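Biologist: Hey, have you got a minute to walk me through this protein? I'm new to reading structures, so plain words please.

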Amino acid sequence: MQFTEIAYLFFLTLVFITYWLLLERHNKIRCAMLLSASYIFYGWWDWRFLILIIFTTLSTYFLALFTSDRARKLALITNIILNIGVLVAFKYWGFFTDNLARLFSWFGWNLDWFTIEVLVPVGISFYTFQAISYSVDVYRRQVEPCHNIISFATFIAYFPQLVAGPIERTSNLLPQIESDKKWNRRQATSGLRMILFGVVKKVAVADILSIYVDRLYEEGNFSSPLTTIAISVLFSIQIYCDFSAYSEIARGSSRLLGIEIMGNFKFPYFSRNILEFWRRWHISLMLWFRDYVYIPLGGNRKGATRTYINIFIVFLLSGLWHGASWNFVFWGLYWAICYVIAKRFLKLKTANQAVTLINLPDIVLTFATVAFGFYIFRCSGWEEIQHGLFNLPYYIIFTFLLYLAALLIRSNYILKIISSRTFKRSAAVTIVLCIMAFFIFRYPWSLKYYDIIPFVVIFGVEWYNRNCEYPFYKQSRSKLQRYLMYWTLLLFAVLSEPIDMSFIYFQF
């Protein structure tokens with residue numbers, strides 16, 4: 001069941017009505033209803049997936065109940081082995097066996113019988129990591145073990161964040177599931193805005209961009225520098241809009257139920273260096289690796305060399321977490337190298353400072369670094385990566401030209417023009433004209449330049465809210481302007497060409 005399907009709209013409406021109207025004063029029954037809804041949501045993909053998530057839930061729940069020090073440690077090790085074992089068996093078995101068979105084929109040995117096709121359950125990486133974090137937190141005595149199996153099962157299978165995150169912490173989500181909740185109109189309204197914005201970002205931007213990215217790959221002209229640049233930029237925007245859209249719909253859906261889940265993205269493409277980028281991109285995953293891998297390995301407490309080794313381990317594991325393929329390993333290696341260089345020469349002084357147009361040159365350089373990484377991420381083989389590396393000098397020239405343009409925009413003269421009231425009014429008129437053009441020129445003979453209009457609107461909203469918690473956090477005081485924006489986004493969602501595109505991160 002996709003978040004952008006009509007079926008999910010009816011499903012969420014039914015859950016919402018049952019949750020608030022029929023079970024208003026029965027919190028225990030509410031929890032059981034949430035668990036049932038979550039299992040229906042997950043079983044909608046494939047009922048066999050339920051067997052695995054129930055096994056993960058029961059094993060994690062009962063192993064966390066051991067109280068003696070020796071038993072607790074043994075239970076933790078057992079649970080980690082079980083969860084990682086399940087993840088490896090279903091997600092990485094084919095990758096390891098295929099590469100092992102290829103290695104032995106060099107010596108003339110045929111191991112084709114050793115390779116098997118395994119159906120990868122949707123969201124297995126997310127709920128497995130969530131189960132491991134619970135076990136570790138209980139072992140460290142950071143949280144008390146949960147004694148209510150219904151509440152714990154709901155924590156593992158909570159449908160808004162089940163199949164693509166965020167990876168929630170026990171201390172945040174579980175108490176909210178167990179606590180009594182009161183209707184909060186402001187929270188629900190912000191949830192609806194999040195859902196609307198996420199749906200538009202997915203169907204009117206990410207899905208449309210996927211058509212152009214796929215077309216570039218089908219043409220196969222990877223030796224051209226323009227292809228490398230185009231794929232880098234377009235796919236970077238596509239994957240961000242796709243994944244952040246899911247996170248926003250998930251947060252919005254959860255807010256409708258009175259439960260706050262963490263934000264997974266904080267306008268990462270407005271980062272001023274890559275250290276800041278990794279504090280804004282897929283936040284829950286990077287915090288997970290920090291707390292359960294990086295710090296246990298020693299973090300930055302054992303000298304520079306050990307710190308850099310730990311960084312390489314984290315990013316290589318992060319690459320493998322995203323997918324069982326060598327391009328993800330190379331993507332992790334690319335980021336490990338970039339991050340070590342940045343950590344050696346940069347300092348995160350701007351983390352809590354507001355992002356402004358003065359930061360535009362730094363934003364351009366950071367985005368260019370990120371975009372080339374996503375070129376590697378999207379590649380399906382080493383040959384495509386090689387072409388990208390050969391075209392890297394042209395990519396650097398392209399980045400340099402953008403950087404010069406950003407420096408020009410940052411100049412005081414340009415900034416004064418942009419900051420003027422006249423320019424803002426002109427920009428508002430331009431946006432309105434673009435919106436009109438979007439609906440006037442949707443004909444088969446059109447060159448489809450109108451596809452960029454939803455992106456411009458989405459980008460404008462995000463830039464306007466760049467220093468806030470989430471898009472649409474800041475609202476216009478004018479009721480007319482607010483509703484004009486809502487209806488514009490709704491029309492974008494309704495009139496966008498229907499494309500059967502699942503969320504990218506469902507494969508992880």
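Modeller: Sure, let's go from the overall picture to a few single residues.

Biologist: Great. What kind of model is it?

Modeller: This is a predicted model. The average pLDDT, the predictor's confidence score, is 82, and 85% of the residues score at least 70. Over residues 439-447, though, the pLDDT is below 50. That stretch still has 9 contacts in the model beyond its near neighbours in sequence.

Biologist: OK. How many helices and strands are there in the protein?

Modeller: The protein has 20 helices and 0 strands.

Biologist: And what share of the 508 residues is buried?

Modeller: Buried residues make up 51% of them. As for the surface, the protein exposes about 25400 Å², and carbon and sulfur atoms supply 66% of that.

Biologist: What about contacts between residues that sit far apart in sequence?

Modeller: Take the contacts with a separation of 6 or more: 76% of them involve residues 24 or more positions apart.

Biologist: Can you show me one of those helices up close?

Modeller: Let's try α3, which covers residues 48-63. Here's a check you can do yourself. At 1.5 Å a residue, its 16 residues should span 22 Å, and the end C-alpha atoms are 24 Å apart, so the two agree.

Biologist: Wait, why isn't it 16 times 1.5 Å?

Modeller: Because the expected span uses one less than the number of residues.

Biologist: Got it. Which residues of α3 are buried?

Modeller: The list includes F49, L50, L52, I53 and Y61. T56, T57, S59 and T60 are among the buried residues of α3 too.

Biologist: Switching to the start of the chain: is F11 buried or exposed?

Modeller: F11 is buried, because its relative accessible area is 12% and the cut-off for buried is under 20%. You'll find F11 in helix α1, residues 6-22.

Biologist: And what does F11 touch?

Modeller: Leaving out residues up to four places away in sequence, F11 touches M1, A37, I40, F41 and F159. With A37, the C-alpha atoms are separated by 8.5 Å, and the two residues are 26 apart along the chain.

Biologist: Now the outside. Which residues form the nonpolar patch on the surface?

Modeller: The patch is formed by L316, L333, I337, I341, F345 and L346, which together have about 530 Å² of accessible area. Helix α13, residues 326-345, gives the most to this patch, with 4 residues.

Biologist: Is F345 buried or exposed, then?

Modeller: F345 counts as exposed, because its relative accessibility is 62%. F345 is found in helix α13.

Biologist: New topic: charges. How many salt bridges does a search of the whole structure find?

Modeller: The search finds 13 of them. The general idea is that side chains of opposite charge can pair when their charged atoms come close.

Biologist: Give me an example?

Modeller: The side chains of K202 and D242 meet in a salt bridge, at 2.6 Å from N to O. This pair links distant parts of the chain: K202 is in helix α8 (residues 185-219), D242 is in helix α9 (residues 225-256), and they are 40 residues apart. Both K202 and D242 are buried.

Biologist: Any bridges that reach further along the chain?

Modeller: Have a look at E469 and R251, whose side chains meet in a salt bridge at 2.9 Å, N to O. E469 lies in the loop between α19 and α20 and R251 in helix α9, so the pair ties together parts that are 218 residues apart in sequence. E469 counts as partly exposed at 39% relative accessibility, whereas R251 counts as buried at 7%.

Biologist: Does E469 have another partner?

Modeller: E469 also forms a salt bridge with R255, where the closest N and O atoms are 3.8 Å apart. R255 is in helix α9, and this pair is 214 residues apart. R255 is buried, with a relative accessible area of 8%.

Biologist: Which residues are linked in the network of salt bridges?

Modeller: The network links R251, R255, E260 and E469.

Biologist: Last one: where does S190 come in?

Modeller: S190 is found in helix α8, and it is buried, with a relative accessible area of 3%. Not counting residues up to four places away in sequence, S190 touches R255 and Y470.

Notes: Residues numbered from 1 in each chain as written. Predicted model: local features only at pLDDT ≥ 70, side-chain atom pairs only at ≥ 80, totals over all residues. Heavy atoms only, no water. Helix = DSSP H or I, 4+ residues; strand = E, 2+ residues; numbered from the N terminus. Buried < 20%, exposed > 50% of the residue type's maximum accessible area, 1.4 Å probe, protein only. Contact = heavy atoms within 4.5 Å. Areas by Shrake-Rupley, 256 points an atom, 1.4 Å probe, with all protein chains shown as cover. pLDDT = per-residue confidence, 0-100. Patch = residues over 30% accessible without salt bridge, like charges linked within 9 Å, V, L, I, M, F, W, Y side chains within 5 Å. Salt bridge = Lys/Arg side-chain N within 4 Å of Asp/Glu carboxyl O.
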